[in-house]
Amino acid sequence: MKINIIGGGPAGMYFAILMKKADPAHDITVCERNGPDDTFGWGVVFSGKTLANLRDADEESHAEITRNFAAWDNVDVVHSNEKISIHGNSFSGIERLQLLKILQRRCEQLGIKLLFRTEVADLDSLRVNCDLLVAADGVNSTARKQYAERFRPALDVRPNRYIWYGTRHLFHGLTLTFRESDAGVFAAHSYKFNQTTSTFIIECDPQTWEAAGFASMSDDETRQYLEKVFALDLTGQPLLSNNSKWINFLLVKNANWFFENVVLLGDALHTAHFSIGSGTKLALEDAIALFDCFRKRKGVPASLEAFEATRKPVIEEYQAAAQESMIWFEKARDYMHLSPIELAYSLMTRSGKVSYEDLEKRDRDFIASYKEQKAVGSRQKV
Ligand SMILES: Cc1cc2nc3c(=O)[nH]c(=O)nc-3n(C[C@H](O)[C@H](O)[C@H](O)COP(=O)(O)OP(=O)(O)OC[C@H]3O[C@@H](n4cnc5c(N)ncnc54)[C@H](O)[C@@H]3O)c2cc1C
């Protein structure tokens, strides 16, 4: 089969790897507008379950990924200068650039053509020249825009702003930090992803953003302002910028996932708020799901139909849980009156995917402290 792929991100490269590995006769080309070392972002997070999926799909890249990652089992919640740790959660982090390098090497090993610095503008000629065109071209997908009548996308720009930084302060575990200032409430999502660096994403609501005056600040002024807000947490380490800018989260859905021989994959197809797990995990799992459809069926139309039929319900469930989590962060200021342990409980159960009973199994001490706090609270009310 001749397969053209737009986008050398995790979704496009991983799908190429799985297809070529299964049948070396496939002629696969990946077009990527950037160079092999130009990337953005810091670390990406995977759950234990995602890693198991990656191992089953391609042992070679899994071995390299796990050789390079940082693993932890705790979620830490920092509120009112108190840190609450909840154990029994399995996560790991890897640098995005390192992940892309591993996938690039694997593509080259397998004989996949990677065309860097190749911007795809003429989609029509690319699609008639192949059996399958995969548009894995990211959240601002050109293919989704050009074929909007076929895919019927629904795009929802959310009100909160967020900005991705790195820092040399190492956060051992997924750390959710809340800091209140004169402007409002800031939340940071942070985790280490190698021996020297952590991701540090800062999120705030539009009122806080306006009150802080970010609209008229330069990138350096913004960074310095946020370093002051999180001074206690960063322990004197600066925030590291990689051309970091404030962005509004874009929620992406598509009524149709494919038409004729063109299919969307990864962020081009759907997004889920970063507070529930990274887009990278979904991108890689999309690639596995699409590959599985080709493995089990004959022909492009049947495989693409099966992909939409089987993967869509999974993504819809994921997006529903992510929606609850996203809304929790959009309303973070309403939770600031809670005690640190109550806030931690509210956070851990926000998506509806983790229950009281789950938490009791994961971390008995945490639930015991939570129950004790609730009992004290109700005695004080009497
Ligand atoms: C600023 C920013 C920072 C982020 N940082 C992190 C992070 O630290 N951790 C994390 O887990 N997630 C991060 N994300 C989210 C994460 O990047 C995505 O969820 C994930 O990479 C999705 O994978 P993908 O392969 O679908 O898309 P992408 O990784 O976005 O890959 C799409 C690729 O397509 C290329 N492309 C697009 N259009 C064309 C075209 N017309 N022609 C040729 N090439 C094209 C792009 O250059 C890109 O390389 C970040 C997102 C943004 C916007």
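What follows is a chat about the ligand and the aromatic rings in a predicted model.

User: Before we start, what should I know about the numbers here?
Analyst: This is a predicted model, where local features need pLDDT of at least 70 and side-chain atom pairs count only at pLDDT 80 or more, while totals for chains, interfaces and linings use all residues. Residues are numbered from 1 along each chain as its sequence is written, and side-chain values use heavy atoms, with hydrogens and water left out.

User: OK, how many residues surround the ligand?
Analyst: 29 residues do, and the closest are Glu 32, Gly 43, Arg 96, Asp 267 and Ser 278. A residue counts as near if one of its heavy atoms lies within 4 Å of the ligand.

User: What kinds of residues make up that shell?
Analyst: There are 11 nonpolar, 12 polar and six charged ones. Ala, Val, Leu, Ile, Met, Phe, Trp, Tyr, Cys and Pro count as nonpolar, Asp, Glu, Lys and Arg as charged, and the others, Gly among them, as polar.

User: Which backbone atoms does the ligand meet?
Analyst: A polar contact here is a pair of N or O atoms within 3.5 Å. An oxygen of the ligand is 3.2 Å from a polar backbone atom of Pro 10, and a ligand oxygen is 3.0 Å from one of Trp 42. A ligand nitrogen lies 3.0 Å from a backbone N or O atom of Arg 33.

User: And how much of the ligand does the protein cover?
Analyst: The protein covers 88% of the 990 Å² of accessible area that the ligand has on its own. That area comes from the Shrake-Rupley method with a 1.4 Å probe.

User: Switching topic: how many aromatic pairs are there?
Analyst: The count comes to 23. Rings of Phe, Tyr and Trp (its six-membered ring) pair if their centres lie within 6.5 Å; planes under 30 degrees apart are stacked, over 60 edge-to-face and the rest tilted.
One pair is Phe 151 with Phe 259, edge-to-face at 5.5 Å centre to centre and 65° between the planes.

User: Are those two buried or exposed?
Analyst: Phe 151 and Phe 259 are both buried, meaning under 20% relative accessible area, with exposed being over 50% and partly exposed in between (1.4 Å probe, protein chains only).

User: Any ring cluster, and what sits over Trp 209?
Analyst: Ring pairs link Phe 186, Trp 209, Phe 214, Tyr 225 and Trp 246 into a cluster. The charged end of Arg 161 sits over the ring of Trp 209, 3.8 Å from its centre. The rule is NZ of Lys or CZ of Arg within 6 Å of the ring centre and within 35 degrees of the ring normal.

Methods: A polar contact is a pair of N or O atoms within 3.5 Å; within protein, one must be able to donate a hydrogen and the other to accept it, and residues adjacent in sequence count only if both atoms are side-chain atoms.
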